[in-house]
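Here are a few exercises to work through with the model open on your screen. Try each one yourself before you read the solution.

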Amino acid sequence: FTSVSGDFSFYTWPSLEAIERLKSQTAPHFKFSLKCTDIITLFKFPNIDRWENVAGQLNPNFLNPDLFVDLFLQPLEPLLSAKKLGPINLEFTSFHKGVFEDWQAFAGKLGPFMERVRKRTQSLDFDLSIEMRNRQFACPEFYQALLDLGANPILSSWTRMPDLGDQWENAKALQLNYAHARAILRPGVIRENAVERFAPYGKIKETVPTARIAALDIVQWAKNRGKPAYLLFNNHLEGCAHQTIAEIAQMLLHL
């Protein structure tokens, strides 16, 4: 493997010590696509024990650019300097109806965040990708708005998102700087059912042909244009992520 997605940073701010360990334990050119800490991307704190007294309340630090730079980005310096930092993933959980009227309203909120982040980090070379969990955002107009803001869309195979291939059809004609796809779940399948079906993730138990076909097309697109492609797979898609990757890699040899 040449890249991995790190979700640990979604739950807590990354520490310099942890990032140093990642840097030291991997080969040159290995890329970590780290997920931004959720204090930045949660519009409202979920009603779960983790959030205790603030559960259910609006998050005052939603899209706080200075917290992002100071507490998330700065500890990543060892990966940045070693050129081992892949795209940073800002994953936004599903917005309830009425939170944002449409994708334009969300882009209007994201714009000042992006502007402030870029202003504070002009000397740094890093990529930001945006992952949405509302299917109405999976449209070429929103993808183009992200590109105009200096971000890249993430194509996400997930419970309430369209098929990965459909998302790729909406993105592939745009001037993407790189392709970024996360195959997490088959659309229509919830995480709890996937855990019950696939655990302990020792082998593939079912295939998702549409996700595989999209992955192959993304790789061909990237090769033809000399651009990076980050294809990240979860055990909950087919039952065993590394076997899924191995089979797709084998399929690529026959193209």
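**Exercise 1: the sheet**

Which residue in β5 does Ile130 stand opposite? Use the pairing to work out how the strands are laid out.

*Solution.* Keep in mind that this is a predicted model.

Step 1. Ile130 faces Pro153 in β5. Its strand, β4 (residues 128–131), pairs with β5 in the parallel sense, over two bridges.

Step 2. Now look at the other partner. β3 and β4 also run parallel, and four bridges join them; here Ile88 stands opposite Leu128 in β4.

Step 3. Put the two pairings together and you get an open sheet of three strands, in the order β3-β4-β5, with parallel pairing. β3 (88–91) and β5 (152–153) each have a single partner strand, so these edge strands have one side without a neighbour in the sheet.

Step 4. Trace the connection from β3 to β4. Together with helix α6 (residues 103–120), these two strands make a β-α-β unit, and the unit is right-handed.

**Exercise 2: the faces of β3**

Which residues of β3 are on one side, which are on the other, and are they buried or exposed?

*Solution.* Step 1. Start from the general pattern: side chains in a regular strand alternate between the two faces of the sheet.

Step 2. Sort the residues by side. Ile88 and Leu90 are on one side, with Asn89 and Glu91 on the other.

Step 3. Check burial. These four are all buried, and both faces of β3 are covered.

**Exercise 3: the core**

In the largest nonpolar core, which residues touch the most other members?

*Solution.* Step 1. This core holds 70 residues, and the ones touching the most other members are Phe68, Ile88, Leu90, Phe92, Phe106 and Phe113. Helix α10 (residues 209–225) supplies the largest share of the core, with seven residues.

Step 2. Zoom in on Phe106. Once you set aside neighbours within four places in sequence, the contacts of Phe106 are Phe62, Phe92, Phe95, Phe100, Met132, Phe137 and Phe142.

Step 3. Follow the rings outward. Phe106 belongs to a cluster linked by ring pairs, along with Phe43, Phe62, Phe92, Phe95, Phe100, Trp103, Phe137 and Phe142.

**Exercise 4: two ring pairs**

How many aromatic pairs are there? Pick two of them and describe their geometry.

*Solution.* Step 1. The count is 23 aromatic pairs.

Step 2. Take Phe43 and Phe95: this pair is edge-to-face, at 6.4 Å centre to centre, with 85 degrees between the planes. The partners are 52 residues apart, with Phe43 in the loop between α3 (38–41) and α4 (65–73) and Phe95 in the loop between β3 and α6.

Step 3. Compare their accessibility. Phe43 has a relative accessible area of 27% and is partly exposed, whereas Phe95 is buried at 10% relative accessibility.

Step 4. Now for Trp103 and Phe142. The ring centres are 6.3 Å apart and the planes stand at 65 degrees, so this pair is edge-to-face. Trp103 sits in helix α6 and Phe142 in helix α7 (residues 140–149), 39 residues apart.

**Exercise 5: around α7**

Which residues of α7 are buried, and what covers them?

*Solution.* Step 1. The buried ones are Phe142, Tyr143, Ala145, Leu146 and Leu147. Phe142 has a relative accessibility of 1%.

Step 2. Their cover includes α6, β4, β5, β6 (155–157) and α8 (164–171).

Step 3. Step off the end of the helix: just after α7, Gly150 takes a positive phi of about 90 degrees.

**Exercise 6: backbone oddities**

Where does a cis peptide bond occur, and which residues have a positive phi although they are not glycine?

*Solution.* Step 1. Recall the background: most peptide bonds are trans, and most residues other than glycine have a negative phi.

Step 2. The cis bond joins Ala199 and Pro200, with omega about 10 degrees. Pro200 lies in the loop between α9 (191–198) and α10.

Step 3. Tyr201 is in the loop between α9 and α10, and its phi is positive, at about 65 degrees. Tyr201 is partly exposed, at 23% relative accessibility.

Step 4. Lys83 has a positive phi too, of about 60 degrees. You'll find Lys83 in the loop between α5 (77–81) and β3, exposed at a relative accessible area of 61%.

Technical notes
Residues numbered from 1 in each chain as written. Predicted model: local features only at pLDDT ≥ 70, side-chain atom pairs only at ≥ 80, totals over all residues. Heavy atoms only, no water. Core = buried A, V, L, I, M, F, W, Y, C linked by side-chain atoms within 4.5 Å. Buried < 20%, exposed > 50% of the residue type's maximum accessible area, 1.4 Å probe, protein only. Contact = heavy atoms within 4.5 Å. Pairing = 2+ DSSP bridges. Right-handed = clockwise from strand over helix to strand, strands pointing away. Phe/Tyr/Trp six-rings, centres within 6.5 Å; stacked < 30°, edge-to-face > 60°.
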